[in-house]
Amino acid sequence: MFSFYEKYKHLKSFFLKLYLFYANITSIMKVALIIVFRGVPLLFSYIIPSEISEKYKKGTHVSIPLGKAKAIGCIVDISEVDGQKSLKSIIDIEKDYVDIKEDIIDLIQWFWKYYQCTPFKAYQTIVGKRKLRELKEEKIFQAIPSPHTLNSDQHRAYDRIIASTSFECHVIHGVTGSGKTEIYMRLADWVIKQGKTIVICCPEISLTPQYTQQFTQRFGNTVSVIHSGLTPKKRDEAYTRIIQHLTPIVIGPRSAIFSPLDNLGMIIIDEEHDASYKQENHPRYYTHTVAAQRCKTANIPLVLGSATPSLETFSFATQAMFKSEQTIYHQVNKRASGVSMPSMQLVDMTMHKDKRQLLSKELISAIQSCIEKNQKVIILMNRRGYCPYISCQKCGEVHVCKQCQLSFTYHKDKTFRCHRCDIKVPMTHKCESCNTNSLAFGGQAIQKVEQELEHFFPDHSIIRLDKDTAKSAKDMEVLIDEFRQRGQILLGTQLIAKGHHIEDVHLVGVLGIDTQLNIPDFRSSERTFQLLMQVAGRAGRGKEQGQVVVQTQQCNHYAIQCAKDHNIQQFMETENSMRSALQYPPYVRLTNVVVSCRNESVLKTYSQSLQSFLDQQELSDISWIGPKPAPFEKVRNHFRYHIVFKHQKESEQIIKDLLLRFPIPPKYCRVLPDFDPQQLL
Ligand SMILES: [Zn+2]
Ligand SMILES: [Zn+2]
């Protein structure tokens with residue numbers, strides 16, 4: 001006899017199926033894709049608790065179980081799935097974190113894919129640590145109308161930029177003193193009147209006070225400043241102002257590009273040629289690339305301004321071969337004050353007899369006649385310290401930093417310093433190699449120039465400005481102010497070349513430019529040309545034509561000759577033909593893969609396996625150099641190899657896929673890509 005159970009068994013299975021069918025429909029769950037705050041290469045999925053699921057959205061921070069521990073994460077996407085997935089559930093919302101806006105979340109997602117870093121690294125780079133702060137009540141200022149009228153060049157650029165109806169890249173090429181800042185302020189005014197917001201990037205933290213001052217004079221307290229030198233409190237206050245829509249204008253160096261502004265209307269990158277727009281630590285992002293991404297997403301104009309645009313920007317804006325319809329070139333020629341560009345005189349240092357003296361008699365007499373007329377002088381010497389070369393007189397051994405294998409630089413405070421890793425050791429005359437007291441110091445650097453200036457001009461105030469005298473942006477401001485008020489001679493590294501407005505400077509002297517020219521990097525001619533043009537732009541900003549004296553052993557080098565003639569067109573043509581012949585940007589894109597390890601032999605073995613891996617690849621239209629030791633072969637105890645890929649933009653993804661297939665590096669060996677590198681050192 002069948003039991004009751006046996007008899008209705010088929011029914012049970014029918015009901016079970018029916019139950020499961022409905023259960024599936026009703027148990028559709030929300031699943032969040034999360035950036036976990038750990039160095040993991042992927043996003044993780046977690047179930048959103050159903051009771052309060054509407055509280056979770058893109059940009060919400062949550063706590064989650066990870067292995068046996070608890071971790072924090074940020075939601076980047078939410079989707080619905082059926083109940084079959086065996087996922088863990090989110091624990092709770094983390095209320096201490098400020099929600100991230102959707103467009104910033106999108107930017108993070110683009111960033112980690114583009115720069116091939118971990119999602120958390122992208123999050124850290126873009127968001128950092130943020131907290132909202134209570135703000136003191138402030139009266140909002142009304143912007144005051146511009147006291148200046150635009151000249152015809154300025155007006156043409158302005159009119160065309162505000163006519164943009166979608167993403168466009170506008171290159172403003174304006175000689176130093178042509179009034180680019182006035183155009184930027186008009187643009188900011190226009191953007192704000194549309195109810196939108198604007199980011200203005202400047203190249204150096206030390207320049208932010210100058211920009212901020214100019215903009216706050218016009219726009220009052222509707223300006224926020226963001227840079228890495230801010231205290232956590234100041235930084236949080238700035239973010240709070242931005243998030244609460246109190247400051248539609250944000251000014252700062254490259255990290256300002258990540259500002260969480262709502263309703264972005266324009267991004268301006270001033271002095272766009274400056275190397276500081278590239279972050280040189282992992283992830284090595286380029287401000288222009290991030291800015292273009294934000295502008296494309298928001299469908300708004302991007303403005304790149306410079307007196308000396310980078311070769312790539314210039315080519316992309318002016319040459320038919322590279323130009324796209326979305327790039328528009330504006331030339332702003334007239335110096336606002338109507339004074340012509342300074343005259344440049346070259347002093348051939350190969351004819352210079354006394355090798356111990358750094359200042360040529362031509363430069364000394366130019367300084368002399370200047371200070372007699374109570375005019376100010378700027379001297380550029382782009383090398384810190386007193387003597388950059390220390391070697392043994394007896395056995396010839398160079399005294400190097402062990403971490404970097406680079407010669408120490410002697411500084412006047414009786415220290416040896418490594419300018420690559422910043423290590424500082426007491427000076428000595430003792431040679432480690434032959435054990436005699438035979439170390440001698442040679443070469444030229446800024447402290448030695450300072451000493452000579454003090455010798456020739458003992459009664460005049462000389463201010464030295466370099467990383468050693470100005471440790472912060474504030475120090476730098478104080479020194480520049482002092483020079484403005486009572487200084488006669490300002491001696492500085494390239495810090496002084498960048499956009500500081502100082503009236504009454506008549507003469508600029510340039511020393512040690514040959515060192516810059518001899519850096520083993522494909523951009524060294526370009527950087528030299530830019531530096532000369534920039535520093536020359538400091539001269540004669542008042543009423544009289546300025547004067548520049550350049551001491552060099554390479555008078556006939558095209559970078560120096562073109563700078564002398566203020567002939568950017570000629571420079572671009574010559575440099576471009578070199579780049580074309582050697583296949584460098586703008587003719588190709590570069591991707592540099594930096595492989596580093598503390599252990600040299602481990603690195604060598606790994607690079608050999610990379611070599612044979614690459615030899616097996618069949619990659620048309622992609623060529624590469626390396627793996628081979630980098631020009632800076634050792635930095636902070638890490639040995640370094642480079643593989644430089646040359647490719648077209650279309651092959652970008654192929655390179656990224658190739659990187660993912662690289663042989664797995666041994667322990668403690670790092671492989672980090674640098675897309676569109678700004679230098680190959
Ligand atoms: Zn020795
Ligand atoms: Zn070092």
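Start with helix H12, residues 446–456, in this predicted model. Select Ile446, Gln447, Lys448, Val449, Glu450 and Leu453: these residues of H12 are buried. Now add the strands around them. The cover over the buried residues of H12 includes strand E14 (376–381) and strand E18 (409–411). Strand E22 (462–465), strand E23 (489–492) and strand E24 (505–511) are also among the elements that cover them.

Next, go to the largest nonpolar core, which has 80 residues. Select Ile34, Ile108, Leu187, Ile200, Ile251 and Ile268, the members that touch the most others. Then colour helix H3 (residues 102–115), which gives seven residues, the largest share of this core. Where does the core lie with respect to domain 1 (20–126) and domain 2 (152–332)? Both domains contribute residues, so the core lies between them.

Stay here and centre on leucine 187. Leaving aside neighbours within four places in sequence, leucine 187 is in contact with Tyr158, Ile161, Met266, Ile268 and Val303. Another core, of 63 residues, lies apart from this one. To find that second core, select Leu439, Leu465, Ile489 and Val535, which are among its members.

Now show helix H10 (residues 311–318) together with helix H17 (residues 568–582). Their axes come within 11 Å and cross at roughly 100°. H10 and H17 are therefore roughly perpendicular to each other. Which residues make the contact between H10 and H17? On H10, select Leu311, Phe314 and Ser315; on H17, select Met572, Glu575 and Asn576.

The last stop is a sheet. Four strands form an open sheet in the order E27-E28-E26-E29, with antiparallel pairing. At the edges are strand E27 (623–635) and strand E29 (669–675), each of which pairs on one side only. Look along the sheet to see how its strands are turned: neighbours stand at 20° to each other on average, direction ignored.

Within this sheet, pick out E27 and strand E28 (residues 638–647). These two run antiparallel and are joined by seven bridges. For one residue pair, select lysine 634 and phenylalanine 639: phenylalanine 639, in E28, is the bridge partner of lysine 634.

Finally, add helix H19 (residues 652–660). H19 lies across strand E26 (589–597), E28 and E29. Against E26, helix H19 runs at about 15°.

How values were computed. Residues numbered from 1 in each chain as written. Chains lettered and ligands numbered in written order. Predicted model: local features only at pLDDT ≥ 70, side-chain atom pairs only at ≥ 80, totals over all residues. Core = buried A, V, L, I, M, F, W, Y, C linked by C-beta atoms within 7 Å. Buried ≥ 20, exposed ≤ 12 C-beta atoms within 10 Å, placed from the backbone. Domains from an automatic or database assignment. Contact = placed C-beta atoms within 7 Å. Pairing = 2+ DSSP bridges. Axes fitted to C-alpha atoms, helices over the stretch in contact; angles between N-to-C directions. Parallel < 35°, antiparallel > 145°, perpendicular 65-115°, else oblique.
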